[in-house]
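Visitor: Hi, I've just opened this one and I'm new to it. Can you walk me through what's on the screen?

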Amino acid sequence: MEFLLKSVPAHRRSETARLFETFGKYHPHQPHWYVSMVAIDPIHQRSGLAGHLLRHATEISDAAQRPVHLEATSPHAMRLYAQQGWSVLTEVQVGGSPPFFPMLRQPKT
């Protein structure tokens, strides 16, 4: 967290810290997987690569029989995750931040 906050302009650090504290309220309490970031080079976006990465993450989660959690950073990403079986827990917005969507996917048996 310290590293992340150093990458944010000083006047936004408090708000950023509050945002991540709020995210923490929606993390599962039981053992789970956490997808911190899924990013595709813009030249390859909309080619299905994100779906492949997510399927890989969910296969690991299913094999371990553990839920998997992430924060969607846009409505578009939220829809992509929902197509893979993720459920929106809530919408989080702190100060001037964009909306984020904590999401959870239960393992398939």
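Guide: Sure, with one term to start: a residue is called buried under 20% relative accessible area, exposed over 50%, and partly exposed in between. Also keep in mind that this is a predicted model.

Visitor: Okay, let me try that out. Is Arg12 buried, exposed or partly exposed?

Guide: Arg12 has a relative accessibility of 33%, so it counts as partly exposed.

Visitor: Which residue does Arg12 meet in a salt bridge?

Guide: That's Glu15, with 2.9 Å from N to O. Glu15 itself is buried, as its relative accessible area is 17%.

Visitor: How many salt bridges are there?

Guide: The count comes to 3. One of them joins Lys6 and Glu2, whose closest N and O atoms are 3.3 Å apart. Those two sit 4 residues apart in helix α1 (residues 2-6), so about one helical turn separates them. Lys6 is exposed, with a relative accessible area of 57%, and Glu2 is exposed with 57% as well.

Visitor: And what about Arg105 and Asp62?

Guide: Their side chains meet in a salt bridge too, at 2.8 Å from N to O. This pair links distant parts of the chain, since Arg105 is in strand β4 and Asp62 is in helix α3, 43 residues apart. Both Arg105 and Asp62 are buried.

Visitor: Let's zoom out. How many helices and strands does the chain have?

Guide: There are 4 helices and 4 strands. Going along the sequence, the pattern reads α-α-β-α-β-α-β-β. The C-alpha trace spans about 45 × 40 × 25 Å along its principal axes, and 36% of the 109 residues count as buried.

Visitor: Which residues make up the largest nonpolar core?

Guide: It has 12 residues in all, including Val35, Leu54, Val68, Tyr81, Trp86 and Met103. The elements giving two or more residues to this core are α3, β2, α4 and β4. Apart from it lies another core of 5 residues, among them Leu19, Val92, Val94 and Phe100.

Visitor: Pick one core residue and tell me more.

Guide: Take Leu54, which lies in helix α3. Leu54 is buried, with a relative accessible area of 1%. Leaving out residues up to four places away in sequence, Leu54 touches Val38, Leu70, Leu80, Tyr81, Gln84 and Trp86. Leu80 is 26 residues away along the chain, yet the C-alpha atoms of the two are separated by 9.4 Å.

Visitor: What about helix α4, which residues there are buried?

Guide: In α4 (residues 75-83), Ala77, Met78 and Tyr81 are buried. Seen down the helix axis, the buried residues of α4 fall within an arc of 105°, so they line one face.

Visitor: What covers them?

Guide: The cover for the buried residues of α4 includes α3 (49-64), β2 (68-72), β3 (87-88) and β4 (101-105). Just after α4 comes Gly85, which takes a positive phi of about 100°.

Visitor: Switching to the outside: which residues form a nonpolar patch on the surface?

Guide: Met1, Leu4 and Phe20 do, with about 250 Å² of accessible area together. Phe20 belongs to helix α2 (residues 13-24) and is partly exposed, at a relative accessible area of 32%. For the protein chain, the accessible surface comes to about 7200 Å², and 56% of that belongs to carbon and sulfur atoms.

Methods. Residues numbered from 1 in each chain as written. Predicted model: local features only at pLDDT ≥ 70, side-chain atom pairs only at ≥ 80, totals over all residues. Heavy atoms only, no water. Buried < 20%, exposed > 50% of the residue type's maximum accessible area, 1.4 Å probe, protein only. Arc of directions from axis to C-beta. Contact = heavy atoms within 4.5 Å. Core = buried A, V, L, I, M, F, W, Y, C linked by side-chain atoms within 4.5 Å. Patch = residues over 30% accessible without salt bridge, like charges linked within 9 Å, V, L, I, M, F, W, Y side chains within 5 Å. Areas by Shrake-Rupley, 256 points an atom, 1.4 Å probe, with all protein chains shown as cover. Salt bridge = Lys/Arg side-chain N within 4 Å of Asp/Glu carboxyl O.
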